[in-house]
Amino acid sequence: MTGDAPQAVIETAGLTKRFGPGVLAVDRLDLRVEPGQVYGFLGPNGAGKTTTLRMLVGLLRPTAGSAMVAGHTPGAPAGLAQIGVMVEEAVFYPYLSGRDNLLVVARYCRLKPSAVEPALSWVGLQPAAKFKFKTYSTGMKQRLGLAAALMKDPKVLLLDEPSNGLDPEGIVWLRQLLRGFAAKGGTALVSSHLLGEIEQMCDRVAIVQSGRLLREGPVASLRAAAQLEITAAPLDAAARLVEGLLGAAAVRVADGRLIVTSGTDRAAEINRALVGAGIEVSELYRRQASLEESFLRLTAEEGGPG
Amino acid sequence: MSSLAAEFGASVRAEVLKLRKRPSTWIICLIAFLYVALLDYLLTYVVVKTAPRRAGLSRGTLHTLINNLYPINFVRYSLTDVVVIGAALALILGALAMSSEYDWRTLRNAFSQGPGRLTVLASKVAVLIPLTGILSLLFLGAAALSSLVVGSLDGHLGSWPALSQVVGGFFATWLILSVWLLLGLFLGVLLRQTAMAIAAGLVYAIVVEGLILSLFASNGVIEAIKKIFPGANAKALTLAFGQLPSSSATPLVGAGQAVAVLFGYVLVFIGISALLLRRRDVVG
């Protein structure tokens with residue numbers, strides 16, 4: 001760590017979890033999340049996201065490596081007091097009402113019972129607070145889980161697939177909530193396989209596959225580089241000409257179009273050359289690839305999602 | 001230290017809320033009361049009083065059976081329930097309190113909110129043990145009340161057991177029920193599934209303690225081994241309060257040894273549960 005780097009709120013070093021001899025769920029994971037960040041933890045199902053979150057709150061013990069959250073080792077009561085957690089789907093006592101379930105959480109957290117009503121209000125569950133948890137819809141359960149995570153006014157949020165079951169309005173609310181939380185100096189680690197959500201709510205992203213970290217960095221840097229897409233006729237002649245300009249490695253033909261992956265700032269020059277050579281250019285545009293495409297490309301290189 | 005005490009106190013309050021609002025807690029208490037009052041007293045009374053002559057029961061036998069139901073015997077009679085139905089109900093109560101947390105996957109909520117794992121277990125035990133005290137009062141209370149009704153019907157209200165016997169009976173009941181409750185709790189931690197925990201506990205109580213050890217009781221080796229089993233020691237402790245008029249059982253061990261062995265089980269079940277809970281991953 002350099003002297004200038006802020007103290008990491010969440011940090012793992014070589015974090016590894018093996019279930020028995022055959023299943024390596026998390027493989028030497030190095031993560032560093034700084035204060036005020038909403039950090040996306042992205043990966044296909046079975047990538048090790050939930051296992052990592054469980055290790056960060058001390059539910060699972062690492063086979064190797066170490067982790068620190070909010071300055072404490074995972075599972076330490078002093079650390080947990082600063083962390084709001086929702087691991088996998090929200091689970092509560094089915095025979096208790098939403099309000100009583102939050103009261104149980106409040107008692108475990110040593111909060112006053114008066115903390116319950118504001119939490120219910122944040123997530124819009126006050127009208128349903130008296131109903132038993134077993135009667136809740138998936139979205140209501142998720143909101144109750146978020147209320148439990150937020151109730152103790154945590155410094156760190158660890159949320160596993162938090163938008164699961166939320167309606168579009170709820171997803172927008174969650175996005176705003178996380179941005180507001182980070183703006184006030186809070187740090188959130190949000191795991192998801194929903195790339196669009198991660199792209200919209202996170203500052204940095206780690207992409208994991210089969211327990212290993214594939215890539216980590218700001219969302220913008222993880223998007224695939226921009227590319228030019230050219231529809232021209234005749235296509236062969238157009239391809240030869242652009243290859244002559246940029247080199248063969250920069251050009252490929254796909255779906256009846258030329259895809260130019262480097263020298264994308266030379267669009268005008270390419271267009272002039274093609275038109276000058278008598279090639280008919282019907283379409284030429286610059287396209288910024290999404291995080292989803294980066295994710296699919298990265299995971300495909302590693303054997304494909306799933 | 002004060003922080004740990006505050007953490008423990010907060011966890012206890014959480015456990016009280018969970019247990020108080022859980023229907024099964026009160027259903028088990030109700031079953032205990034109704035079993036003693038209806039099945040043990042009312043049914044026995046009605047059957048004995050209406051037994052036809054051809055049933056082959058002598059007047060002496062009928063008199064002895066009715067004698068069991070009079071107030072003077074209510075502590076002893078209640079204790080015979082405690083070692084059978086009481087043990088089963090306490091075991092179910094303990095198993096439900098722990099293994100439901102695995103079934104509902106709520107244990108991870110408790111463990112990720114702040115209190116340590118051992119604090120959560122300690123607070124559960126701290127709430128469940130007084131609950132077995134309430135269950136003990138229900139067993140004794142139901143027996144006392146029912147014997148009062150039977151005694152008043154038959155005009156045998158004159159003699160009641162000494163206060164020392166009532167108090168001793170209460171503590172014996174509490175200890176016996178606590179052992180079975182903690183066995184249920186331990187099985188809940190071990191098996192992490194309610195159905196398995198209850199089934200394993202009942203199979204142990206009925207098949208191992210009830211059948212195998214009783215069938216081969218005359219075998220010297222079995223008799224020696226039996227002296228360390230919870231059921232056998234619980235039975236021995238109940239016999240320390242004297243025989244019912246209808247009973248001829250002899251205690252396997254003295255009351256002092258029975259109490260020591262039962263306290264040993266309390267510590268062992270709590271200790272192993274704590275060890276398992278502390279070391280194992282929470283995967284559910």
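What covers the buried residues of α3(A)? Let's find out, starting with a look at the whole of chain A in this predicted model.

**Figure 1. Chain A as a whole combines eleven helices with 13 strands.** Taken along the principal axes, the C-alpha atoms of this chain fill a box of roughly 80 × 45 × 40 Å. Chain A has 306 residues, and 50% of them count as buried. The surface that chain A exposes comes to about 13,300 Å², with 52% supplied by carbon and sulfur atoms. Consider the contacts in chain A between residues at least 6 apart in sequence: 67% of these join residues at least 24 apart.

**Figure 2. Helix α3 of chain A, residues 98-108, is mostly covered.** Here is the reply to the opening question: the cover includes α4 (116-122) and α5 (138-150) of chain A, together with α1, α5 and α6 of chain B. Nine of the eleven residues in this helix are buried. Among them are G98(A), D100(A), N101(A), L102(A) and Y108(A). Just after the helix comes R110(A), whose phi is positive, at about 60 degrees.

**Figure 3. Chain B and chain A meet across an interface that buries about 2,900 Å².** Carbon and sulfur atoms give 54% of that buried area. Chain B brings 34 residues to the contact, and chain A brings 29. Between the two chains, 22 residue pairs are in polar contact. On the side of chain B that touches chain A, the elements giving two or more residues are α1 (2-20), α5 (107-111), α6 (117-154) and α11 (255-279). The largest share of that side comes from α1(B), with ten residues.

**Figure 4. A salt bridge joins D100(A) to K21(B).** The two side chains meet with 2.9 Å from N to O. Five salt bridges are found across the interface of chain B and chain A. You have already met D100(A) in the second figure, as one of the buried residues of α3(A).

**Figure 5. A nonpolar patch of about 680 Å² lies on the surface of chain B.** Its makers are L30(B), L34(B), L38(B), L39(B), L42(B), L43(B), V46(B) and V47(B). Take L42(B) as an example: this residue belongs to helix α2 of chain B, which covers residues 23-49. L42(B) counts as partly exposed because its relative accessibility is 45%. As you look along the patch, it helps to know that an α-helix has 3.6 residues a turn, so residues three or four places apart point the same way.

**Figure 6. S159(B) sits in the loop between α6 and α7 (163-191) of chain B.** With a relative accessible area of 42%, S159(B) is partly exposed. If neighbours within four places in sequence are left aside, S159(B) is in contact with P71(B) and I72(B). W26(B) is 133 residues away from S159(B) along the chain, and 32 Å separates their C-alpha atoms.

**Figure 7. T194(B) is found in helix α8 of chain B, residues 194-215.** Is T194(B) buried or exposed? T194(B) is buried, because its relative accessible area is 11% and buried means under 20%. Not counting residues up to four places away in sequence, T194(B) touches L96(B), S99(B), S100(B) and D103(B).

Terms used:
Residues numbered from 1 in each chain as written. Chains lettered and ligands numbered in written order. Predicted model: local features only at pLDDT ≥ 70, side-chain atom pairs only at ≥ 80, totals over all residues. Heavy atoms only, no water. Patch = residues over 30% accessible without salt bridge, like charges linked within 9 Å, V, L, I, M, F, W, Y side chains within 5 Å. Areas by Shrake-Rupley, 256 points an atom, 1.4 Å probe, with all protein chains shown as cover. Salt bridge = Lys/Arg side-chain N within 4 Å of Asp/Glu carboxyl O. Helix = DSSP H or I, 4+ residues; strand = E, 2+ residues; numbered from the N terminus. Buried < 20%, exposed > 50% of the residue type's maximum accessible area, 1.4 Å probe, protein only. Contact = heavy atoms within 4.5 Å. Buried area = accessible area lost by both parts, 1.4 Å probe. Polar contact = N/O pair within 3.5 Å; in protein donor to acceptor, adjacent residues only side chain to side chain.
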